[in-house]
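Biologist: I have a structure open and I am new to it. Please show me how to read it, one feature at a time.

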Amino acid sequence: MLILLPPSEGKAAAPRRGAALDLDRLSLPALSDARTTVVDDLVKLSGDPALALTTLGLTPGLADEAARNEALRTAPTLPAAALYTGVLYDALGLASLTGPALARARKQLLIFSGLWGAVRPADRIPSYRCSIGVRLPTAGPLAAHWRTALPPVLDELAGDALVLDLRSSAYASTWTPHNGVTVRVLHGGKVVSHFNKATKGRIVRALVLAGARPRTPAALATALRELGYTVDARTPRELDVTVEAL
């Protein structure tokens, strides 16, 4: 099973030292050319701070975050698992996984990104600021850029495996797995937002720790129920998880 995650706007503080970006060492090397186009675009764009803020949709108070992109090729890197923070990643707790659970997470998880397309937790990347909704001078709209680059690579990677798709809609638009299943989090019959992210992080952690290997949406629903979740199938490929407390 593959598990697809969104990135987070929140990121860990950039390390003071460490190896610089090596695009050739990232997972999914077939995406290298597409990644290079975006990296080059962002580095060049950073030479014009005002234009960078406008293009990235940032306020002047976030100028320092936009400026990070200028050093994408030389800044120290850290594993994606340590870079991304926020509600989902706090609940997932990748840093606390060890042994077989950590190995499963590194193999099963794909983190989507406006800059990298998709990376695995162990991939070393620098801190950056670039969402999927950005339109760059050369790459153009990033959603369209990755809709071209990702499908042939990820179709081959996924094969016939079940794909648990926990991405937000903007990132989900870049690739549609043919054997995908989504999860909606409900409380009192209504879709929740903040707790949605926390619940999805806990679901991923529970599945990884349990070593669950469902091959169908129905088997995934069964696995989640065995892990203590209240699950209903809204459609054959859409599961509702109901939480009792926020």
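Modeller: Remember that this is a predicted model. Let us start with one residue, Arg167. Arg167 has a relative accessible area of 7%, so Arg167 is buried.

Biologist: What cut-off makes a residue buried?

Modeller: Buried means under 20% relative accessible area. Arg167 is at 7%, so Arg167 is buried.

Biologist: Where is Arg167 found?

Modeller: Look at the loop between β8 (163-165) and α8 (169-172). Arg167 is found there.

Biologist: Which polar partners does the side chain of Arg167 have, and at what distances?

Modeller: Take the side chains first. Arg167 and Asp165 are joined by a polar contact of 2.7 Å. Then turn to the backbone. The side chain of Arg167 reaches the backbone oxygen of Tyr171 at 3.1 Å.

Biologist: Which residues does Arg167 touch, leaving out those up to four places away in sequence?

Modeller: Some come early in the numbering: Leu4, Leu5 and Pro6 are among them. Phe112 is another, and the list also includes Trp175 and Pro177. The Phe112 case deserves a look. Arg167 lies over the face of Phe112, at 4.5 Å from the ring centre.

Biologist: Phe112 brings me to its strand. How many residues of β3 are buried?

Modeller: First, the general idea. In a regular strand, side chains alternate between the two faces of the sheet. Now the case here. β3 covers residues 109-113, and five of the five are buried, so the strand is largely enclosed by the rest of the structure.

Biologist: Which residues of β3 sit on each side?

Modeller: One side has Leu109, Ile111 and Ser113. The other has Leu110 and Phe112. Both faces of β3 are covered.

Biologist: Is the pairing of β1 with β3 parallel or antiparallel?

Modeller: Parallel: strand β1 (residues 2-5) pairs with β3 over three bridges. To find a bridge on screen, start at Ile3. Its bridge partner in β3 is Leu109.

Biologist: And how do β3 and β4 run, parallel or antiparallel?

Modeller: Antiparallel, with three bridges joining β3 to strand β4 (residues 117-119). Ser113 has Gly117 as its bridge partner in β4. The two strands form a hairpin, with three residues between them.

Biologist: Next, the rings. How many aromatic pairs are there?

Modeller: The count comes to three aromatic pairs. Take Trp116 and Tyr128. Their ring centres are 5.9 Å apart and their planes stand at 85°, so this pair is edge-to-face.

Biologist: Why does that pair tie together separate parts of the sequence?

Modeller: Trp116 lies in the loop between β3 and β4, and Tyr128 in the loop between β5 (124-125) and β6 (135-136), so the pair ties together parts twelve residues apart in sequence.

Biologist: Are these two rings' residues buried or exposed?

Modeller: Trp116 is buried, at a relative accessible area of 0%. Tyr128 is buried too, at 1%.

Biologist: Which aromatic cluster do they belong to?

Modeller: Tyr84, Tyr89, Trp116 and Tyr128 form one aromatic cluster. Tyr128 has a charged neighbour as well. Lys11 lies over the face of Tyr128, at 4.5 Å from the ring centre.

Biologist: One last residue, then: Ser46. Where is its place?

Modeller: Ser46 is in the loop between α1 (32-45) and α2 (49-56). Its relative accessibility is 9%, so Ser46 counts as buried. A polar atom of the Ser46 side chain lies 2.8 Å from the backbone oxygen of Leu42. Not counting residues up to four places away in sequence, Ser46 touches Ala52, Ala66, Asn69 and Glu70.

Note on methods: Residues are numbered from 1 along each chain as its sequence is written. This is a predicted model: local features need pLDDT of at least 70, side-chain atom pairs count only at pLDDT 80 or more; totals for chains, interfaces and linings use all residues. Side-chain values use heavy atoms; hydrogens and water are left out. Helices (H or I, at least four residues) and strands (E, at least two) are DSSP runs, numbered from the N terminus. Buried means under 20% relative accessible area, exposed over 50%, partly exposed in between (1.4 Å probe, protein chains only). A polar contact is a pair of N or O atoms within 3.5 Å; within protein, one must be able to donate a hydrogen and the other to accept it, and residues adjacent in sequence count only if both atoms are side-chain atoms. Contact means heavy atoms within 4.5 Å. Two strands pair if DSSP finds at least two bridges between them. Rings of Phe, Tyr and Trp (its six-membered ring) pair if their centres lie within 6.5 Å; planes under 30 degrees apart count as stacked, over 60 as edge-to-face and the rest as tilted. A charge sits over a ring if NZ of Lys or CZ of Arg is within 6 Å of the ring centre and within 35 degrees of the ring normal.
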